[in-house]
Amino acid sequence: MDEWGVDVALTGSQKALSLPTGLGIVCASPKALEASKSAKSVRVFFDWNDYLKFYKLGTFWPYTPSIQLLYGLRAALDLIFEEGLDNVIARHTRMGKATRLAVEAWGLKNCTQKEEWYSDTVTAVLVPPYIDSAEIVKRAWKRYNMSLGLGLNKVAGKVFRIGHLGNLNELQLLGCLAGVEMILKDVGYPVKLGSGVAAACAYLQNNIPMIPSRI
C-alpha cells in the first residue's frame with residue numbers, strides 16, 4: 001500500500017484469491033483510520049470501529065464469521081505464497097496477453113480501446129452486430145459446460161467476458177479458448193478453428209518459465 005500510495009485497499013474473495021464469493025477484504029492505513037473518526041459518511045454494517053473494538057478484545061470479528069471461507073482464505077493465501085506473489089502476477093500477465101492474442105486471431109476486438117487499460121484478469125470481447133453475445137454465454141453453459149461472463153449495462157448483448165484469474169494455469173486457459181472457438185462457430189461467426197489457440201500457444205510456448213520447484 002505504501003508503494004502504491006493508497007490508504008484503503010479492498011478486494012472480494014472471488015477475485016484473484018480463487019475463493020467463492022462472500023468475503024469483502026479491506027485494508028486501511030493508520031491515516032485512513034484516523035480520517036474515519038471525523039468522516040460524515042453514513043455507516044451501519046461495516047463500521048471499522050466495530051472491528052477495531054473486537055480486535056482489542058481478542059475475538060477479531062464483531063459478527064458471525066463465515067468460518068469455511070476463512071479456512072479457504074488461509075489455504076488460498078498458502079498457495080499464493082508458495083508460488084510467490086511476483087510469479088502469480090507474471091502468470092496473470094501471460095494469460096491476459098495470450099487471451100488478447102487469441103481474440104485478435106479470431107478477427108474480433110477487445111472492448112478496452114487503449115492498451116494501458118487492458119486487464120490481465122478479464123478480457124471483454126466485442127462481437128459483430130448480428131450476434132447477441134448473450135447467446136454465446138448461454139451456448140457455453142448449455143453445450144460445453146463452460147462459464148463465460150455476460151456484457152453488462154451499456155454493452156449488454158455486445159460483449160462476452162473471458163475470465164483468466166485466480167488458481168488457473170496456461171493449459172486450462174487454452175482449453176477455454178478452444179471452447180470459445182467452437183461456440184463462435186456454433187453461433188455463426190466465421191472463426192477458423194484453432195486460430196486463437198495457435199496464437200496463444202505460440203506466445204505461451206516462448207514465455208512460460210520452468211517451475212522452480214521442479215528444476
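This briefing covers backbone outliers, aromatic pairs, cysteines and one sheet of the structure above. The model is predicted. A UniProt record, from an unreviewed entry, places the feature "domain: Aminotransferase class V" at residues 1–111. Over residues 1–111, the chain is 50% helix and 11% strand. The C-alpha atoms at the two ends of that stretch are 29 Å apart.

**Positive phi outside glycine**

- Ser18 is not a glycine, yet its phi is positive, at about 70°.
- Ser18 sits in the loop that joins β1 (8–12) and β2 (24–28).
- With a relative accessible area of 39%, Ser18 is partly exposed, because values from 20% to 50% fall between buried and exposed.
- Phe60, also a residue other than glycine, has a positive phi near 70°.
- The loop between α2 (48–57) and α3 (67–83) holds Phe60.

**Aromatic pairs**

- The structure has 3 aromatic pairs.
- In one of them, the ring centres of Tyr51 and Tyr63 are 6.1 Å apart and the planes stand at 75°, so this pair is edge-to-face; the cut-off for that class is over 60 degrees.
- Tyr51 belongs to helix α2 and Tyr63 to the loop between α2 and α3, so the pair ties together parts that lie 12 residues apart in sequence.
- Tyr51 has a relative accessibility of 10% and counts as buried, whereas Tyr63 is partly exposed, with a relative accessible area of 25%.
- Tyr55 and Phe60 form a tilted aromatic pair, with 6.1 Å from centre to centre and 50° between the planes.
- The partner of Phe60 in this pair, Tyr55, counts as partly exposed at 43% relative accessibility.
- Phe60 therefore appears under two topics: it has a positive phi, and it takes part in an aromatic pair, the cut-off for a pair being ring centres within 6.5 Å.
- Tyr51 and Tyr63 also belong to one aromatic cluster, together with Trp61.

**Cysteines**

- The structure holds 0 disulfides.
- Cys111 is in no disulfide, and the nearest cysteine sulfur, in Cys176, is 17 Å away.
- Cys111 is partly exposed, with a relative accessible area of 26%.
- For Cys176, the closest cysteine sulfur is that of Cys201, at 13 Å, which is too far for a bond, because a disulfide needs the two sulfur atoms within 2.5 Å.
- Cys176 is buried, at a relative accessible area of 15%.

**The sheet from β3 to β6**

- An open sheet is formed by 4 strands in the order β3-β4-β6-β5, with antiparallel pairing.
- The edges are β3 (109–110) and β5 (149–150); each has a single partner strand, so one side of each has no neighbour in the sheet.
- Strand β3 runs antiparallel to β4 (residues 122–126) and is joined to β4 by 2 bridges.
- Lys109 stands opposite Leu126, a residue of β4.
- Helix α5 (residues 133–144) lies across β5 and β6 (159–163).
- The angle at which α5 runs to β6 is about 40°.

Terms used: Residues numbered from 1 in each chain as written. Predicted model: local features only at pLDDT ≥ 70, side-chain atom pairs only at ≥ 80, totals over all residues. Heavy atoms only, no water. Buried < 20%, exposed > 50% of the residue type's maximum accessible area, 1.4 Å probe, protein only. Phe/Tyr/Trp six-rings, centres within 6.5 Å; stacked < 30°, edge-to-face > 60°. UniProt positions renumbered as here; feature names shortened; annotations may be inferred. Pairing = 2+ DSSP bridges. Contact = heavy atoms within 4.5 Å. Axes fitted to C-alpha atoms, helices over the stretch in contact; angles between N-to-C directions.
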